[in-house]
Structures are given as C-alpha cells and as structure tokens.
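Here are a few exercises to work through with the structure open beside you. Try each one before reading its solution.

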Amino acid sequence: LPRRSVKHPSILLQLLSTALMLGAAGCSRPVLRESAPLEILGREAVLDVTARDAPRIDSLASVLQGEMAGLRKVLDASNPDSEIRRVNRLAGSMSLPVSKTISQILILSRRANEASEGAFDLTLEPYLQIWGFRGGPVPDSPPMELLDAARSVLGMKHISQRVDMVGFDNEVVSISVDPVIEGYLADMCILKLRGSLVNNAMVRIGRAVRVLGSKSEAEAWRVTVPDPRGDGTGALGSLMLGGAKDRQAANSCHAFDQYVEGLEGRISWVMDPSTGLPATKTLYALVVASTAFEADALSYALVVRGVEGAPRLLARFPKCEALLIPADDPAQVWLTSGMRDLFTAEAGANLDLRDLMREEPPAPQPQPAPGETAPEGAVEGEAKPAEAKPVDARE
C-alpha cells in the first residue's frame with residue numbers, strides 16, 4: 001500500500017473485514033437436502049437419501065420422475081387410450097400383446113392370488129361398477145343376482161397369459177391395478193435407484209414404502225404410520241424398515257380409502273372376491289414384506305379375511321409381518337410377534353395391543369413311491385402348504 005494509507009488504520013481494518021467476509025462467502029457450502037418431493041401418476045411421493053447421495057438428490061428425483069411418467073400411458077385408468085383400458089376393452093374377444101409392465105403385474109398378481117387362496121384378486125372391477133364406484137347408482141341393498149352372475153365369470157383363473165400375450169375367457173372380466181399400483185411403482189423406483197448406484201434410500205408413494213439399505217450404520221429407516229381411525233392427521237406409531245431382506249417394504253390397506261355412501265353408511269372399496277360384497281371385518285391392515293407389491297397384495301387380502309382369517313392367511317406368507325385393526329373395535333390393534341419388534345405405538349394413541357397368531361403350516365405328507373397309492377386321507381397337491389413366493393417385480 002502507498003505510505004500515506006498507513007496513516008488511516010481504519011481503512012486497513014475495513015479492507016481486511018471485507019476480504020474475510022468475501023472469503024467466508026466463497027467457502028460456504030449450500031445446505032444439502034436429503035429429501036425431495038415427487039409426483040408419480042397423480043400420487044404424492046417422496047424420495048429420501050443419506051448424506052452421501054444428498055448432492056445428487058435432484059438428479060435422482062428427476063430420473064425417477066421421468067421413468068414413472070413413462071408408465072402413465074400404461075397404467076393410468078383415467079386415460080381412455082392407456083394400455084390398461086385397451087386390455088380391459090379388447091382382451092375378452094382376442095389375445096393381445098402387452099407391455100412388460102402389464103405382464104409383470106399379472107404374473108405377480110397370480111402368485112399373490114394363489115398364495116392368499118383367492119382373497120386377493122385383480123379382476124374385481126365389475127364389482128366396483130355394480131356398487132357404484134364408477135359413477136353409476138349406489139344400490140340400496142346388495143344386488144345378489146348381479147353379484148352371483150359376476151362371480152361366476154370373474155377370477156384370475158379366467159385370464160390366460162403366455163409370454164407377452166394376454167386374453168380373458170369372457171367379456172365381463174376386467175382388471176383394476178388400484179390395489180397394487182403404489183407398491184409396484186415403489187419397487188420400480190428402487191430398481192432404478194439401484195441402477196444409479198444408490199445403496200441407501202427410501203421411496204414413499206402414497207401408502208407404499210420401499211427402502212434400500214439403512215439410514216445409517218446404527219439407524220434403520222423410520223416411517224410414521226398415520227392413525228387410520230381418525231382424519232389421518234394423527235399418528236398411530238412408527239415403523240422401522242431395512243436391514244433384513246424381509247423388512248425392505250411396507251404397505252397398508254384402509255377399507256375406506258375409497259368409498260361410496262349407501263343407505264346404511266359408507267361402502268368400502270375393498271371387495272371380497274368370494275362374494276362380491278364389500279369387506280366389513282377390518283378397518284386397516286399394515287404389512288411388512290420384502291417388496292412393496294407383496295405388502296400391498298397381502299394387506300388387501302387381510303382386510304378381506306379379517307382377524308379371524310388372518311392366522312391361516314399369514315401361515316402362507318411366513319416371512320411377512322402384519323398389524324390389523326378390526327372395524328368393530330378400532331381401539332384393538334393386533335400384531336404378529338415380528339411386527340411388535342418393528343412397530344412403536346405413538347404415546348397417547350390409546351391402543352389395546354393384542355397378539356396376532358400365525359397358524360403352523362401342516363406337516364408335509366409322505367409322498368407315495370411310483371406305483372403306490374397315497375396314504376388314506378391325503379389329497380394330491382395338498383401335501384405341502386402353498387408358501388407364498390416372494391413377490392419381486394424384477395422377475
């Protein structure tokens with residue numbers, strides 16, 4: 001500096017202060033977000049990552065958003081030109097080539113249908129139409145003649161599938177992916193994140209949750225469970241996910257997520273495939289499983305079967321854990337032993353926690369050697385219980 005400036009030390013202090021401020025501003029780092037909102041097929045969704053992937057969360061969210069947008073023309077039932085609408089319109093008169101997405105959903109749904117002994121079924125769209133969910137009149141009483149006629153031609157057995165060709169054996173059959181679409185989309189998001197070399201993340205789409213890895217080395221992913229007994233603003237508790245393979249996903253089914261008003265009150269969107277009647281036994285079911293699709297399908301089946309039928313159903317899904325709230329006493333919360341380890345009730349939630357037992361699968365029957373007759377009382381094909389194969393959208 002020129003000699004004369006030394007006579008003014010205040011100027012030096014101002015220069016030094018300004019330099020320090022500029023240096024500090026240049027070295028500061030923006031606060032990194034570990035959570036990003038998404039919009040997937042009209043559903044609110046959230047992507048959560050760990051600090052390691054926070055710098056690229058926006059690009060990851062954009063990848064998921066673009067990938068899921070491509071499924072709108074396939075699965076959006078509100079679009080008359082979507083593939084799901086085309087299949088429902090034409091598959092009853094001819095076999096149609098379908099996309100990998102539709103093929104996967106049908107394969108996974110057939111497995112879930114068989115494992116749940118029919119409690120989960122994708123072909124219930126005609127029942128929803130009969131009960132007024134598609135804009136028609138809401139019947140004053142159960143239209144048993146219509147339901148009986150529909151039941152005789154509905155069911156997954158009426159869908160034929162060979163590689164990428166699908167057909168229905170009658171024109172009444174149509175499929176609705178509403179019961180499993182959120183779970184399927186969450187699983188697809190996780191596959192995309194794996195392809196982007198993400199090791200720890202959580203995706204939430206509606207009620208479906210799917211995780212990768214854990215929140216940290218010492219902490220699992222924790223998910224808040226909304227209280228289904230109220231207006232959805234309160235919490236029932238929280239759920240820990242991650243770590244073990246069978247604890248990677250959670251999904252729930254609420255009997256009145258969708259409903260129409262009847263003369264005697266609300267009519268649930270969850271239909272019992274065996275009767276065509278709305279489910280009335282269970283208000284809510286929450287399931288932890290290896291995939292969100294499997295959790296979606298089983299939670300629907302549990303709302304259909306209720307607490308009484310749950311032990312038999314859960315025996316066929318031995319690696320899944322469940323929580324049920326009956327419709328007649330919403331203070332009761334029934335949990336499997338494994339769910340007790342994962343679920344923490346909210347303080348002040350006023351819950352009556354009860355044990356939800358799981359039936360022991362029957363012991364395998366000895367199989368006769370070639371030429372021998374089966375033991376008396378044995379039924380061919382029932383020697384080994386039909387354990388549910390994990391529902392994995394990668395297959």
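The exercises below deal with a predicted model.

**Exercise 1.** Check what the end-to-end span of helix α2 should be, and which of its residues are buried.

Solution. Start with the length: α2 covers residues 57-69, which makes 13 residues. At 1.5 Å a residue the helix should span 18 Å, and since its end C-alpha atoms are 18 Å apart, the two agree. Next, pick out the residues under 20% relative accessible area: in α2 these are I57, L60, A61, L64 and M68. Now look down the axis of α2: the buried residues fall within an arc of 100°, so they line one face of the helix. The general reason is that an α-helix has 3.6 residues a turn, so residues three or four places apart point the same way. Finally, see what covers that face: the cover of the buried residues includes β1, β2, α3, α8 and β6.

**Exercise 2.** Trace the open sheet of nine strands and find which strands stand at its edges.

Solution. Write down the order, β1-β2-β6-β7-β10-β13-β14-β15-β17, and note that the pairing is mixed. β1 and β17 stand at the edges with a single partner strand each, so one side of each has no neighbour in the sheet. Ignoring direction, neighbouring strands are turned by 15° against each other on average.

**Exercise 3.** Zoom in on β10 and β13, then work out how α9 packs on the sheet.

Solution. β10 (249-254) and β13 (282-289) pair in the antiparallel sense over six bridges. As a landmark, S252 stands opposite L286 in β13. Helix α9 (292-315) touches β7, β10, β13, β14 and β15, and its direction makes about 125° with that of β13.

Terms used
Residues numbered from 1 in each chain as written. Predicted model: local features only at pLDDT ≥ 70, side-chain atom pairs only at ≥ 80, totals over all residues. Heavy atoms only, no water. Helix = DSSP H or I, 4+ residues; strand = E, 2+ residues; numbered from the N terminus. Expected span 1.5 Å × (residues − 1). Buried < 20%, exposed > 50% of the residue type's maximum accessible area, 1.4 Å probe, protein only. Arc of directions from axis to C-beta. Contact = heavy atoms within 4.5 Å. Pairing = 2+ DSSP bridges. Axes fitted to C-alpha atoms, helices over the stretch in contact; angles between N-to-C directions.
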